[in-house]
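Hi,

Here is the structure I promised to pass on. Have a look at it, and then read my notes underneath.

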Amino acid sequence: MEREQMDTFITFYPPPYHSLLNLLTPSNHSPQLSSHLTLSVSVVDLFLIMAKFWVCFLWVMLAGCLVSGQEDDNQFSPGGAKREMVPAMFVFGDSLIDNGNNNNLPSFAKANYFPYGIDFEGGPTGRFSNGYTMVDEIAEQLGLPLIPAYSEASGEQVLHGVNYASAAAGILDITGRNFVGRIPFNQQIQNFENTLDQITDNLGADDVAEAISKCIFFVGMGSNDYLNNYLMPNYNTKNQYNGQQYANLLVQQYNRQLNTLYNLGARRFVLAGLGSMGCIPSILAQSPTSQCSDEVNRLILPFNANVRAMVNNLNSNLPGAKFIYIEIYRMFQDILANSRNYGFSVINRGCCGIGRNRGQITCLPFQTPCSNREQYVFWDAFHPTEAVNIIMGRKAFNGDTRFAYPMNIEQLANLDLELNSQKP
């Protein structure tokens, strides 16, 4: 299974947008204006012109990219690139979707070295995969460029969204401390506030609020709260809570955090559930028969059930918002049960790693990975391959209600929330 060639690494701007960007780049104001305006203008005239351009810029880059099926059913631009269905996507999560935010942290949770990124055009970036992550594929399906990491995003890049995800991060601040540096969900939300302040300073609060309401907010949290908290022997969590109690604790905190994002203007939420963690190579390596751990799989089911119930509750109680739940657990079970149909021949060990199931020690710097990566479900001890990420991204984008509840991301992007939207 190979990912088709796609021009996703260069932001696509149709000619009218491109000229606006040039005019709005401070270092290029004079040459661009001199080439487009043949008459001289006063300082006041210039100010008025630039003010109009900023208004156009906002709606073209932040709101105007939203495709309305009423106006144009063709999802592709004349140049062949997919149209932007939403203005931007903001991403919050852990190593499953981190794309480099831990690179400069004093952290043991990093993937900015070879062979990570061996199949990614940019090489090792901090993605815990041989190539795409799930949100890379979703961004592509939405017609967006790949979303930049918060640690690297600047200038016009943030107008298509920002990825705040951090390996080892959890819903709880204490989660992942074994890896030292990480950015918990609470801090990721604060980082989004910083981004929002930057955009608001340039564009104005009212216009930004309108545009942000059209953006996708993808949140994938909770894996580390189990793998690097509850299941860790140096944490006392397991002695304090049973499985249901812990799931309740996590989702209560999760609910508060999502309400904070709502109060900051987010309206279109995509919440990813937890996958079948009892079947990852790290857990398989602990079994003498290399079997999935039913105990671990059962442990995370109350969390998924609570998150799905929370989605229903938030949809009922937060005006103008829409939350959807992505059934990652069901996706993984489907892939494992029907691996041959998906093109996979290896489902019980990592492509890169050391020890039993290549899951006892995760992928080391400059280790030689498997050559037939497209046939592996798992890339390393914890993370899926690009091939699996692409499948899951597409199921989340346009799958049926078995995989995306109560609707998929494509439907969420096209949903008209304006009539019901209210400021909190």
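Below is what I found on a helix pair and on some salt bridges.

Before you start: this is a predicted model, where local features need pLDDT of at least 70 and side-chain atom pairs count only at pLDDT 80 or more, while totals for chains, interfaces and linings use all residues. Residues are numbered from 1 along each chain as its sequence is written, and side-chain values use heavy atoms, with hydrogens and water left out.

Helices first. Helices here are DSSP runs (H or I, at least four residues), as are strands (E, at least two), numbered from the N terminus. Helix 9 (residues 243-263) and helix 11 (residues 294-317) have axes that come within 9 Å and cross at roughly 35°; axes are lines fitted to C-alpha atoms over the stretch in contact, with angles from 0 to 180 degrees between N-to-C directions. Among the residues in contact (heavy atoms within 4.5 Å) are Tyr254 of helix 9 and Phe303 of helix 11. By class, that contact has eleven nonpolar, six polar and no charged residues (Asp, Glu, Lys and Arg count as charged; Ala, Val, Leu, Ile, Met, Phe, Trp, Tyr, Cys and Pro as nonpolar; the others, Gly among them, as polar).

Now the salt bridges (a side-chain nitrogen of Lys or Arg within 4 Å of a carboxyl oxygen of Asp or Glu): the whole structure has seven. One of them joins Glu137 and Arg394 at 2.9 Å, N to O. Glu137 sits in helix 4 (residues 134-141) and Arg394 in helix 14 (residues 386-398), 257 residues apart. Glu137 is buried at 0% relative accessibility, and Arg394 is partly exposed at 29% (buried is under 20% relative accessible area, exposed over 50%, partly exposed in between, with a 1.4 Å probe and protein chains only).

Cheers
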